[in-house]
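This report describes selected helices and single residues of one protein chain. It begins near the end of the chain and then turns to helix packing and backbone angles.

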Amino acid sequence: MFKNMTSSPHVHSGKLTARIMLWVILAMLPALAAQLYYFGFGVLIQILLAVSCALLLEFGVTKLRKKPTLFYIGDFSVVLTALILAMAIPPYAPYWVILIGTACAVLLGKHVYGGLGQNPFNPAMVGYVVLLISFPLQMTTWIPPITLLQEPPTFPDVLSLIFNNVTTDGFTLSQLLHSIDGITQATPLDSAKIFYSLHLGGPEVFHQFIQLPILQNGSDLATGWWQINLAFLLGGLFLIWKKAIHWQIPVAMLVSFMCLAIITAFLGKHHLSVISQLLSGAMMFGAFFIATDPVTASITPRGKLVFGGLIGLLVYLIRYFGNYPDGVAFAVLLANICVPLIDHYTRPRVAGYAVKGKKS
């Protein structure tokens with residue numbers, strides 16, 4: 001009866017991992033639909049390129065490592081990594097951008113450490129940060145919502161833009177961006193960072209900033225980002241309900257950032273409103289789908305709160321005082337470094353043992 005029992009460590013089935021990954025992918029579909037509505041077919045093409053590249057790399061690496069290929073591909077972790085990365089980059093970035101990012105995510109972020117479960121850093125964010133540092137122009141050139149374009153690009157135009165850098169009519173992405181008067185950047189966070197870097201602070205500068213077309217009520221450019229973040233929030237709440245992720249990390253991250261932003265506003269440093277910041281950039285995406293990665297996040301109950309709070313603090317510091325408009329990716333990777341230390345000092349007390357320095 002017990003002849004097949006072995007000593008630890010035990011290798012468990014990948015079915016549980018696959019189920020969690022599929023729940024996360026399902027929860028991202030509302031945000032994917034919103035991105036498709038506002039930014040067009042480029043989002044879908046980037047996803048197809050990223051997933052195809054990730055699967056090929058996973059197949060090749062597992063063969064070279066003499067690992068069970070179907071087992072590793074069947075847990076869908078590499079598909080989720082590719083999906084997160086593809087939804088994080090500009091939808092009309094050149095094809096080689098997503099291919100390089102996917103390769104860095106799969107090879108440098110995952111397999112160089114031994115594969116899923118052994119990587120200390122979030123693989124998708126490793127790929128994203130490599131791209132952001134190496135190709136800042138391509139990674140910050142977001143096209144405005146297609147509803148603002150006089151002639152929205154067709155599917156052949158999108159293919160031509162991604163693979164040839166021009167539409168079928170010969171227009172570059174830069175020309176499409178300049179076809180809209182008064183909008184110089186594609187995201188509210190980009191506009192805020194550039195505006196305040198070019199002007200001295202003060203109430204009059206803040207008044208000029210909030211008059212920008214990008215921030216006017218009804219602006220598709222602003223509401224588009226709000227709706228995408230609300231879709232990520234909806235998906236995140238679904239994951240908490242399904243118990244695929246824990247609530248501590250996203251709540252701690254959002255609350256810590258919000259408190260710091262409110263205090264800073266009272267001290268007179270102007271920026272986007274707190275609500276606008278929570279619903280701009282990658283805040284909701286990062287809080288519910290990136291920071292909650294079970295492999296690279298803290299595993300103790302108190303540690304999750306510390307880990308999430310640390311990410312919120314780092315995002316605040318980068319957005320308000322750093323050179324990057326968002327900072328979620330950098331914050332997650334920096335917090336990943338601290339996970340062993342956080343887990344060490346937040347370990348629950350084992351039942352029957354006294355807390356150090358106290359009598360049981």
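## Selected features of the model

R347 lies in the segment that follows α18 (328–345). The model is a predicted one. With a relative accessibility of 53%, R347 counts as exposed, because the cut-off for that class is over 50%. Leaving aside neighbours within four places in sequence, R347 is in contact with T300 and R302. The C-alpha atom of R347 is also separated by 7.9 Å from that of G303, although these two residues are 44 residues apart along the chain.

### Helix α5 and its contact with α6

Helix α5 consists of 12 residues. From its first C-alpha to its last, α5 reaches 17 Å, close to the 16 Å expected at 1.5 Å a residue.

How many residues of α5 are buried? The count is 12 of the 12, so α5 is largely enclosed by the rest of the structure. The buried residues of α5 include S77, V78, V79 and L80, and M87 and A88 are also among them.

Two packed helices are described by the angle between their axes and the distance between the axes. For helix α5 (residues 77–88) and helix α6 (residues 95–108), the axes come within 10 Å and cross at roughly 140°. That angle makes α5 oblique to α6. The crossing in which α5 passes α6 is right-handed.

On the α5 side, the residues that meet α6 are V78, T81, L85 and A86. Their partners in α6 are I98, G101, T102, A105 and V106. Taken by type, the residues of this contact of α5 with α6 are 6 nonpolar and 3 polar, with no charged residue.

### Helix α3 and its contact with α9

A second pair is formed by helix α3 (residues 42–64) and helix α9 (residues 155–164), whose axes come within 10 Å and cross at roughly 50°. This makes α3 oblique to α9. The crossing of α3 and α9 is right-handed.

Which residues of α3 meet α9? They are G42, I45, Q46 and L49, and they meet F155, V158, L159, I162 and F163 in α9. The residues of the contact of α3 with α9 divide into 7 nonpolar and 2 polar, again with no charged residue.

### Helix α16

Helix α16 (residues 283–290) is mostly covered, with 8 of its 8 residues buried. Among the buried residues of α16 are M283, M284 and F285. G286 and A287 are buried as well, as are F288, F289 and I290.

### Two residues with positive phi

Most residues other than glycine have a negative phi. The table lists two residues with a positive value.

| Residue | Phi | Location | Relative accessibility |
|---|---|---|---|
| K66 | near 60° | loop between α3 and α4 (69–74) | 77% |
| F76 | about 65° | loop between α4 and α5 | 29% |

K66 has its place in the loop between α3 and α4, and its relative accessibility of 77% counts as exposed. F76 is found in the loop between α4 and α5. Is F76 exposed or partly exposed? With a relative accessible area of 29%, F76 is partly exposed. Neither K66 nor F76 is a glycine.

Terms used. Residues numbered from 1 in each chain as written. Predicted model: local features only at pLDDT ≥ 70, side-chain atom pairs only at ≥ 80, totals over all residues. Heavy atoms only, no water. Axes fitted to C-alpha atoms, helices over the stretch in contact; angles between N-to-C directions. Helix = DSSP H or I, 4+ residues; strand = E, 2+ residues; numbered from the N terminus. Parallel < 35°, antiparallel > 145°, perpendicular 65-115°, else oblique. Left-handed = near helix turned anticlockwise from the far one by under 90°. Contact = heavy atoms within 4.5 Å. Nonpolar A, V, L, I, M, F, W, Y, C, P; charged D, E, K, R; others polar. Expected span 1.5 Å × (residues − 1). Buried < 20%, exposed > 50% of the residue type's maximum accessible area, 1.4 Å probe, protein only.
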